[in-house]
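Open your viewer and get your selection tool ready. We will go from stop to stop, with something to select at each one.

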Amino acid sequence: MKFYKYLYAGDTIKNLPKIKWKLKRHAGVNVYVITIAQGEDQLEIFHSAYLKQRYFRYHPPIVVGIASDYEEAVQIIMKITQECLKYTGACNLKEYLKWKAGKQFAHSGVFV
């Protein structure tokens, strides 16, 4: 599992390092994650149990946000969208998150 450099976390998330540790090891944790979409979509929301599937062990998503429930995950996406509009004037969230992560990751194509 890969985590975004400037990971967004919901207000009700407690002990973020422990949650990240559990997500990396596919241990049971009851949170929602916001990931970079693989297709044409921008961001996706998954329950952490969904990420226990074998596919995600070999194709780890890039997690940009962690929330305690679905509504909080939607609030985080709204926050990212508002930031994107403020700084770029458009709603290309993938490009905004790449830009925000910095140039050192742009060369390698990875923006975590």
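One definition comes before the first selection: buried means under 20% relative accessible area, exposed means over 50%, and partly exposed is in between, all with a 1.4 Å probe and protein chains only. You are looking at a predicted model, in which local features need pLDDT of at least 70 and side-chain atom pairs count only at pLDDT 80 or more, while totals for chains, interfaces and linings use all residues. Residues are numbered from 1 along each chain as its sequence is written, and side-chain values use heavy atoms, with hydrogens and water left out.

**Stop 1: two positive phi values**

Select His-26 to begin. His-26 is buried, at a relative accessible area of 17%, and belongs to the loop that joins α1 to β2 (32-36). Helices here are DSSP runs of H or I with at least four residues, strands are runs of E with at least two, and both are numbered from the N terminus. Check the backbone of His-26: phi is positive, about 60°, although the residue is not a glycine. Most residues other than glycine have a negative phi.

Now go to Asn-15, in the loop between β1 (2-9) and α1 (16-24). Asn-15 also is not a glycine and has a positive phi of about 60°. Is Asn-15 buried or partly exposed? With 48% relative accessibility, Asn-15 counts as partly exposed.

**Stop 2: Lys-22 on α1**

Next, select Lys-22 in helix α1. Lys-22 is partly exposed, at 24% relative accessibility. Leaving out residues up to four places away in sequence, Lys-22 touches Ala-27, Gly-28 and Val-29; contact means heavy atoms within 4.5 Å. For a distance across the model, draw a line from Lys-22 to Asp-41: their C-alpha atoms are 27 Å apart, with these positions 19 residues apart along the chain.

**Stop 3: Pro-61 in its loop**

Move on to Pro-61, in the loop between α2 (54-58) and β4 (62-67). Pro-61 is buried, with a relative accessible area of 3%. Which residues does Pro-61 contact, apart from neighbours within four places in sequence? They are Met-1, Lys-2, Thr-35, Leu-51 and Phe-56. Add Val-33 to the selection as well: Pro-61 and Val-33 are 28 residues apart in sequence, and their C-alpha atoms are 9.9 Å apart.

**Stop 4: α3 against α4**

Two packed helices are described by the angle between their axes and the distance between the axes. Select α3 (residues 70-88) and α4 (residues 93-101), which pack at about 75° with axes 10 Å apart. Axes are lines fitted to C-alpha atoms, for helices over the stretch in contact, and angles run from 0 to 180 degrees between N-to-C directions. Angles under 35 degrees count as roughly parallel, over 145 as roughly antiparallel, 65 to 115 as roughly perpendicular and the rest as oblique; α3 and α4 are therefore roughly perpendicular to each other.

Show the side chains where the helices meet: Ile-80, Thr-81, Glu-83, Cys-84, Tyr-87 and Thr-88 come from α3, and Leu-93, Tyr-96, Leu-97, Trp-99 and Lys-100 from α4.

Now centre on Leu-97 in helix α4, which is buried at 0% relative accessibility. Beyond residues up to four places away in sequence, Leu-97 touches Tyr-4, Tyr-8, Ile-36, Leu-43, Val-64 and Ile-80. The C-alpha of Leu-97 is 27 Å from that of Arg-54, a residue 43 positions away along the chain.

**Stop 5: a pair of cysteines**

How many disulfides does the structure hold? It holds zero, a disulfide being a pair of cysteine sulfur atoms within 2.5 Å. Select Cys-84 and Cys-91: the sulfur of Cys-91 is 5.6 Å from that of Cys-84, its closest cysteine sulfur, too far for a bond. Cys-84 is buried, with a relative accessible area of 0%, whereas Cys-91 is partly exposed at 40%.

**Last stop: colour by confidence**

Finally, colour by pLDDT, the predictor's confidence in each residue, from 0 to 100. The protein chain averages 87, and 91% of the residues score at least 70. Then select residues 103-112, where pLDDT is below 50 and the stretch has 15 contacts in the model beyond near neighbours in sequence. Where pLDDT is low, the predicted coordinates should not be read in detail.
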